[in-house]
Amino acid sequence: MRVESSNRKIAKDLLAHYDVHARRLPWRAPPGSNEAADPYRVWLSEVMLQQTTVAAVAPYFARFTDRWPTVADLAAADDAEVMAAWAGLGYYARARNLLACARAVARDHGGTFPDTEEGLRALPGVGAYTAAAVAAIAFRRRAVVVDANVERVVARLFAIATPLPAARSEIRAAADRITPDARAGDFAQAMMDLGATICTPRNPACGVCPLREDCAAFLTADPAAFPVKAAKKARPHRHGHVWWIERADGHVWLVRRPDKGLLGGMRALPSSDWSAAAPAATPPFPARWSALADPVTHVFTHFSLDLMVHVARVNGDCVPPGQGEWWPLGTLEQAGLPTLFRRAADAAIKETTQDAWL
């Protein structure tokens with residue numbers, strides 16, 4: 001009984017704090033609002049926010065909802081336009097899943113999102129977390145919503161000593177115990193806000209936390225020690241080459257990466273395979289290639305990469321092998337290059353060698 005009372009107190013105290021301090025975000029309804037949040041906007045924001053910050057997502061969300069204000073509009077969008085609009089957000093499989101899900105909602109559900117976790121989970125690309133978040137926030141269903149912020153808050157509330165990722169089932173069970181039947185969506189967003197603004201990974205602001213009286217980690221000498229994390233494995237390092245082919249009239253040759261795989265479906269510069277041992281610099285065709293002095297470096301989730309940039313400036317009658325398109329340099333930003341290739345492009349544009357003509 002005492003434990004149940006404490007769990008209810010956590011929800012009550014956190015919701016009271018949220019009613020006053022909730023972040024105002026464009027995909028949210030105000031705390032305690034009688035008007036439910038738009039499922040499309042909630043779903044879109046949750047997909048964008050995976051592995052990404054609110055500050056990074058906000059301008060993308062605004063552009064997407066201006067351009068595609070409903071799920072039906074997004075379902076009818078051209079794949080290349082959506083991928084280009086997504087460029088810079090990373091984790092590009094999310095953009096492909098976004099389109100697949102929007103089209104399933106439009107095709108199979110009359111443009112209306114299912115209102116249960118089970119129904120949402122059946123949609124392409126919608127996992128357990130996203131289904132729970134949309135069900136709770138948009139449809140006011142009781143659902144246990146655990147993202148990285150919530151995971152950290154719960155691990156500290158209960159001083160869960162099991163290292164991640166093994167602790168996740170224990171954390172979810174604890175989150176289930178404190179999730180209220182009423183206002184589950186507000187509670188989920190309150191937990192997200194708490195983790196993002198107060199219960200931060202480093203230097204948590206315990207002095208202003210509404211839950212500190214019930215927080216087991218607060219009673220320890222080091223609340224930031226939770227959640228306990230397993231030792232990280234070394235990230236593999238790979239190498240590759242990328243080819244900047246610039247035509248005399250101010251166009252650059254772009255290709256499209258295969259639909260499946262890393263950066264699938266995105267426009268890109270031609271490149272070699274990426275491997276642990278530096279591959280041979282075999283250009284796509286003979287030309288006066290000039291290699292930049294320093295590689296472009298990029299860190300993906302599972303590996304880091306050094307990419308050597310090779311530049312050739314060619315005459316107007318040059319036709320590189322394979323499928324691609326000549327893109328005007330003046331509108332290169334509209335091509336939607338992923339960050340890695342945007343960096344390579346920036347490096348090539350700065351290259352001042354003037355004698356690399358075919």
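Q: Buried means under 20% relative accessible area and exposed means over 50%, with partly exposed in between; in this predicted model, which of these classes describes D115, with a relative accessible area of 36%?
A: The model is predicted, and in it D115 has a relative accessible area of 36%. Because buried requires under 20% and exposed requires over 50%, neither of those labels applies to D115 at 36%. The class of D115 is therefore partly exposed.

Q: Which residue meets the side chain of D115 in a salt bridge?
A: The N to O distance in this pair is 3.2 Å, and a salt bridge calls for a side-chain nitrogen of Lys or Arg within 4 Å of a carboxyl oxygen of Asp or Glu. D115 lies in the loop between α6 (93–108) and α7 (117–121), while its partner sits in the loop between α8 (128–139) and α9, so the pair ties together parts that are 26 residues apart in sequence. The partner, at 37% relative accessible area, is partly exposed. The residue that meets D115 is R141.

Q: How many residues apart are K9 and D13 in helix α1?
A: The side chains of K9 and D13 meet in a salt bridge, with 2.7 Å from N to O. K9 counts as partly exposed at 31% relative accessibility, and D13 is partly exposed as well, with a relative accessible area of 23%. Both belong to helix α1 (residues 2–21), where they are separated by about one helical turn, which means a spacing of 4 residues.

Q: Which residue forms a salt bridge with D193?
A: The closest N and O atoms of this pair are 2.7 Å apart. The pair links distant parts of the chain, 170 residues apart, with D193 in helix α11 and the partner in the loop between α1 and α2. D193 is buried, because its relative accessible area is 6%, whereas the partner counts as partly exposed at 23% relative accessibility. The residue that forms the salt bridge with D193 is R23.

Q: How many salt bridges does the structure hold?
A: Side chains of opposite charge can pair when their charged atoms come close. Among the pairs in this structure are K9 with D13, D193 with R23, and D115 with R141. The total number of salt bridges in the structure is 18.

Q: Where along the chain is N203 found?
A: N203 is a residue other than glycine with a positive phi, near 50 degrees. At 70% relative accessibility, N203 counts as exposed, because exposed begins over 50%. N203 is found in the loop between α11 and β1.

Q: Is Q51 buried or exposed?
A: Q51 has a positive phi of about 65 degrees although it is not a glycine, and its place is in the loop between α2 (39–49) and α3 (54–67). Its relative accessibility is 65%, and the limit for the upper class is over 50%. Q51 therefore counts as exposed.

Q: Which loop holds P165?
A: The peptide bond from L164 to P165 is cis, with omega near 5 degrees. A cis peptide bond also runs from F226 to P227, with omega near -5 degrees, and P227 lies in the loop between α11 and β1. P165, by contrast, is found in the loop between α9 (148–157) and α10 (168–178).

Q: Which residues gather with R202, K229 and K232 in a patch of positive charge on the surface?
A: The residue that completes this patch is found in the loop between α11 (184–197) and β1 (237–247). It counts as partly exposed at 46% relative accessibility, and patches are made of residues with over 30% relative accessible area and no salt bridge. The residue that gathers with R202, K229 and K232 is R235.

Q: What percentage of the residues in the chain is buried?
A: The chain has 12 helices and 7 strands, and its C-alpha atoms fill a box of roughly 80 × 50 × 30 Å along the principal axes. Residues 24 or more positions apart account for 69% of the contacts with a separation of 6 or more, and the chain exposes about 17,700 Å², of which carbon and sulfur atoms supply 53%. Of the 358 residues in the chain, the buried share is 47%.

Note on methods. Residues are numbered from 1 along each chain as its sequence is written. Side-chain values use heavy atoms; hydrogens and water are left out. Patches are made of residues with over 30% relative accessible area and no salt bridge: like charges are joined within 9 Å, nonpolar side chains (Val, Leu, Ile, Met, Phe, Trp, Tyr) within 5 Å. Accessible areas come from the Shrake-Rupley method with a 1.4 Å probe; for residues, only the protein chains shown count as cover. Lys and Arg count as positive and Asp and Glu as negative; His and the chain ends are not counted. The place of a charge is taken as NZ of Lys, CZ of Arg, CG of Asp or CD of Glu. Helices (H or I, at least four residues) and strands (E, at least two) are DSSP runs, numbered from the N terminus. Buried means under 20% relative accessible area, exposed over 50%, partly exposed in between (1.4 Å probe, protein chains only). Contact means heavy atoms within 4.5 Å.
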